[in-house]
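Grab a pencil and work through these exercises with the model open beside you. Try each task yourself before you read its solution.

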Amino acid sequence: MAMVLLATLFSLLLATQFNVGACTGSKNIFILAGQSNMAGRGGVSRGKWDGNVPPECQRKSSIVRLSAQLRWEQAHEPLHADIDVGKTCGVGPGMAFANEVLRARGSGFGVLGLVPCAVGGTRIGEWARGTRLYNELVRRATESVRDGGVIRAVLWYQGESDTVNRVDAEGYKGNFERLVMDLRCDLKNPSLPVIQVALASGEGQFVDVVRKGQLDVKLGNVKCVDAKGLHLKEDHLHLTTISEVHLGIKLARSFLNSFGHHL
């Protein structure tokens, strides 16, 4: 009897792993890219994450992530732990975003796939076409739809490292617009939705210059969510856990309001 029970449990476990790994066709995929506030530093102090996962960030069977090994698995915090390996990752906006989209759209939405790509401390020039980060983003995005699914949007939160010198800050708008057009070309999706986050903070004195560039972008199907006013950690650079949650919800509502009618 015990052996039968064990065999049954083992079969159920295999089925669960198969369902997560082989969910095809109905996946609604979102690319998470940028630097540390997208990767998530919520709850991280002195190189350690406190392990606190807010209710808005809890795992669900219908939320999956593409691992560094390009395998679909159940998504959980920290989403970027095997991607942004240079620093300790904590809570970011991705899980709150996913849970809010599913809450608003219900079970009929299907499987929501997250593709983490963000890397802390990177300037936008490091994401230009042909760079390692750009090539990795395109590779992961392409792999995410190999077995079915549709990339619904790119969520982009970056620019803190471009506030250090004026040349980078003043060139931000043009560099971002070029990045969007290159991604649309290389992913063969000329109208790919992009939701960027206007900075709440920066590493240098030109935060307002980068913010102006972000807010002045007028490309079609590019929306902007403003992080200004969200609470920062003691380092005055990274969002707190609750701020990451609020940002994720804001990103979800922007997506649903701007692009939800296409689903």
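Two residues are in contact when they have heavy atoms within 4.5 Å of each other. The model is a predicted one: local features need pLDDT of at least 70, side-chain atom pairs count only at pLDDT 80 or more, and totals for chains, interfaces and linings use all residues. Residues are numbered from 1 along each chain as its sequence is written, and side-chain values use heavy atoms, with hydrogens and water left out.

**Exercise 1. Find what Tyr157 touches, leaving aside its neighbours within four places in sequence.**

Step 1: Start with the low numbers, and you'll meet Ala33, Gly34, Gln35, Asn37 and Met38 among the contacts of Tyr157.
Step 2: Move up the chain, where Tyr157 also contacts Val197, Leu199, Ala200, Ala227, Leu239 and Leu247.
Step 3: Now zoom out to the whole protein: of the contacts with a separation of 6 or more, 77% join residues 24 or more positions apart.

**Exercise 2. Describe the largest nonpolar core and say which helix gives the largest share of it.**

Step 1: Get the terms straight. Buried means under 20% relative accessible area, exposed means over 50%, and partly exposed is in between (1.4 Å probe, protein chains only). A nonpolar core is a set of buried Ala, Val, Leu, Ile, Met, Phe, Trp, Tyr and Cys residues joined through side-chain atoms within 4.5 Å.
Step 2: The largest such core has 72 residues, and those with the most contacts inside it are Ile31, Phe97, Leu114, Tyr157, Phe176 and Phe255.
Step 3: Helix α8 (residues 241–259) supplies the largest share of this core, with eight residues. Helices here are DSSP runs (H or I, at least four residues), as are strands (E, at least two), numbered from the N terminus.
Step 4: Put that in context: in soluble globular proteins, nonpolar side chains tend to be buried together. In this protein, buried residues make up 51% of the 263 residues.

**Exercise 3. Are His80 and Ser36 buried or exposed?**

Step 1: Locate them. His80 is in the loop between β5 (72–74) and α3 (94–105), while Ser36 belongs to helix α2 (residues 36–39).
Step 2: Check the areas. His80 has a relative accessible area of 1%, so it is buried. Ser36 has 6%, so it is buried too.
Step 3: List the contacts, not counting residues up to four places away in sequence. For His80 these are Leu32, Met38, Ala39, Cys89, Pro116, Cys117 and Ala118. For Ser36 they are Arg41, Val119, Gly120, Gly121 and His238.

**Exercise 4. Which peptide bond to Pro78 is cis, and what phi values do Lys188 and Asn221 have?**

Step 1: Know the background: most residues other than glycine have a negative phi, and most peptide bonds are trans.
Step 2: The bond from Glu77 to Pro78 is cis, with omega near -10 degrees. Pro78 sits in the loop between β5 and α3.
Step 3: Lys188 isn't a glycine, yet its phi is positive, about 55 degrees. You'll find Lys188 in the loop between α6 (172–186) and β8 (194–198), and at 72% relative accessibility it counts as exposed.
Step 4: Asn221 isn't a glycine either, and its phi is about 60 degrees, again positive. Asn221 lies in the loop between α7 (207–215) and β9 (222–226), and its relative accessible area of 30% makes it partly exposed.
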